[in-house]
Every structure is written in C-alpha cells, then in structure tokens.
Amino acid sequence: MNKSLHYAAIAGIISIILLVPLIIFEVMKVLKVLTGIFLIAYVLLYVLAAVLDLIFTWGFVIIGKKAKIRLLINTSYILIVSSILYTAYIIPSFLFPALEKYNLIVTIFTLLLLGAVGLAFSIALLRLKKLFPIANVAGILGIIMSASFLTIIFSFIGLLLIVPFYIVTTMLLFRAAKKF
C-alpha cells in the first residue's frame, strides 16, 4: 500500500467533513455575524482545510507520476499553487475588511481558473479509467463541475458537485493506494 496516497485519501475524507462547519461559517460571514471567537475558529479551520486540500491534491501528482500522465501531474501542481495563492489572499481579507472590496474580482478569477484547470484535470482523470474504472465517474463529474465554474452564472451547479466529486476522487485515491 502506498502510504502517501492513503494519507491523501484520508485528507480528502477530513476535507469533506470540514465542509459542513466551513459552510456554516460562510453563512455567518454573509450575515455579518462572524466575529470574535467564531472568526478565529473560521480562520483556523480554513487554514486546516487548505493544508488538507494540498495533501489531497498531492495524491494526484503521485498518481500522475505512477501512471505517467503528464497532464494530471501538471494540473495538480497548478491547483496546488492556485490554492496557496488563494489562501494567501483570503486569510488577510478576513482580518482586514478593506481587502473585501476585491473579493468579487478574486472570486470571478478563481472560478475561471478553477474551471479551466479543472477541465484539464478532469480530462486527465478520464485517462485513468483503464486502471481505475471509478476515474471515469470522477472525470465526468469534474468536467460538469468545471464547465459550470467557467460559466460563472451556473457556478452554483459546480458548488453542488464539489462533495460528490471529492467523495469519488477520495475513493480513487484509496484504490490507487492499494494498487501502487
């Protein structure tokens, strides 16, 4: 068993679980009641989720190298760098409200980037279907999710598909951990 892939899959499970409190905190943020201890908890939880996402995505770099799929390796690296940059912007914006005026621009740019890179990542996942049939499901979900992000208007569909996408890709990581 490949322990790195196993840890990446576990990071995926924890990320899925953390989505619930993160969504609650996002609602509190929109309602302008995210202050004090809740704000601190949100920032800490957000940082934890970002670190887990990096570990999760690194699993696909490993799979890409094992399966010799350059597109999967490259798109995973781009997703990792993008996540680091986005987190580097978001965390200070929680603490310095003056940065919030850029949130709309950053959100649109992020959706477009996630959509474009996500499409390429999803196509790379489809290339894994001979090794892991579940990769076909992950690739199709990823393509629909990424395409909806690219439209901006239908990005809510992509948001609804994040949890199923994470579940299927986490299953893929567990299967890859056993195979490699």
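Okay, let me start with a single residue: I152 is partly exposed, with a relative accessible area of 28%. I152 sits in the loop between helix 5 and helix 6, and its phi is positive, about 65°, even though it isn't a glycine. Why bother pointing that out? Because most residues other than glycine have a negative phi.

Before I go on, a word on confidence, since this is a predicted model. Mean pLDDT for the protein chain is 95, with 100% of the residues at 70 or more. The lowest part is helix 3, residues 70–95, and even there the mean is 93. Helix 5, residues 134–151, comes out highest, at 98.

Back to that loop, then. Right beside I152 we have I153, again between helix 5 and helix 6. Buried or exposed, what would you guess for I153? I153 is exposed, at 67% relative accessible area. And I153 has company: together with I140, I144, F154, F156, I157, L159 and L160 it makes up a nonpolar patch on the surface. Added together, the accessible area of that patch is about 820 Å². Two elements, helix 5 and helix 6 (155–179), each put two or more residues into the patch. Which of them gives the most? That's helix 6, with four residues.

Now, more backbone. I152 isn't alone in having a positive phi, so let me show you K32. K32 also has a phi of about 65°, and again we're not looking at a glycine. You'll find K32 in the loop between helix 1 (3–30) and helix 2 (36–67). As for accessibility, K32 is exposed, with a relative accessible area of 67%. Then go along to the other end of helix 2: just after that helix, K68 takes a positive phi of about 55°.

Helix 2 itself is worth a quick look while we're here. It has 32 residues, and from first C-alpha to last it reaches 47 Å. At 1.5 Å a residue you'd expect 46 Å, so to speak, and the model is close to that.

Let's move to the aromatics. How many aromatic pairs does the structure hold? Eight. The one I'd like to zoom in on is F60 with F121, an edge-to-face pair with 5.3 Å between the centres and 80° between the planes. F60 comes from helix 2 and F121 from helix 4, residues 103–126, so this pair ties together parts that are 61 residues apart in sequence. Both rings belong to buried residues: F60 has a relative accessible area of 1%, and F121 is at 6%. Under 20% is what counts as buried here. If you widen the view a bit, F60 and F121 join F56 and Y166 in one aromatic cluster.

Last stop, the start of helix 1. K3 is in that helix, and K3 is exposed, with 57% relative accessible area. How far is K3 from F174, in sequence and in space? In sequence they're 171 residues apart, but C-alpha to C-alpha the gap is 9.9 Å.

So, to pull up the views I'd leave on screen: the loop with I152, the nonpolar patch that includes I153, and the aromatic cluster with F60 and F121. Happy to rotate any of those if people want another angle.

Technical notes: Residues are numbered from 1 along each chain as its sequence is written. This is a predicted model: local features need pLDDT of at least 70, side-chain atom pairs count only at pLDDT 80 or more; totals for chains, interfaces and linings use all residues. Side-chain values use heavy atoms; hydrogens and water are left out. pLDDT is the predictor's confidence in each residue, from 0 to 100. Patches are made of residues with over 30% relative accessible area and no salt bridge: like charges are joined within 9 Å, nonpolar side chains (Val, Leu, Ile, Met, Phe, Trp, Tyr) within 5 Å. Accessible areas come from the Shrake-Rupley method with a 1.4 Å probe; for residues, only the protein chains shown count as cover. A salt bridge is a side-chain nitrogen of Lys or Arg within 4 Å of a carboxyl oxygen of Asp or Glu. Buried means under 20% relative accessible area, exposed over 50%, partly exposed in between (1.4 Å probe, protein chains only). The expected span of a helix is 1.5 Å times one less than its number of residues. Rings of Phe, Tyr and Trp (its six-membered ring) pair if their centres lie within 6.5 Å; planes under 30 degrees apart count as stacked, over 60 as edge-to-face and the rest as tilted.
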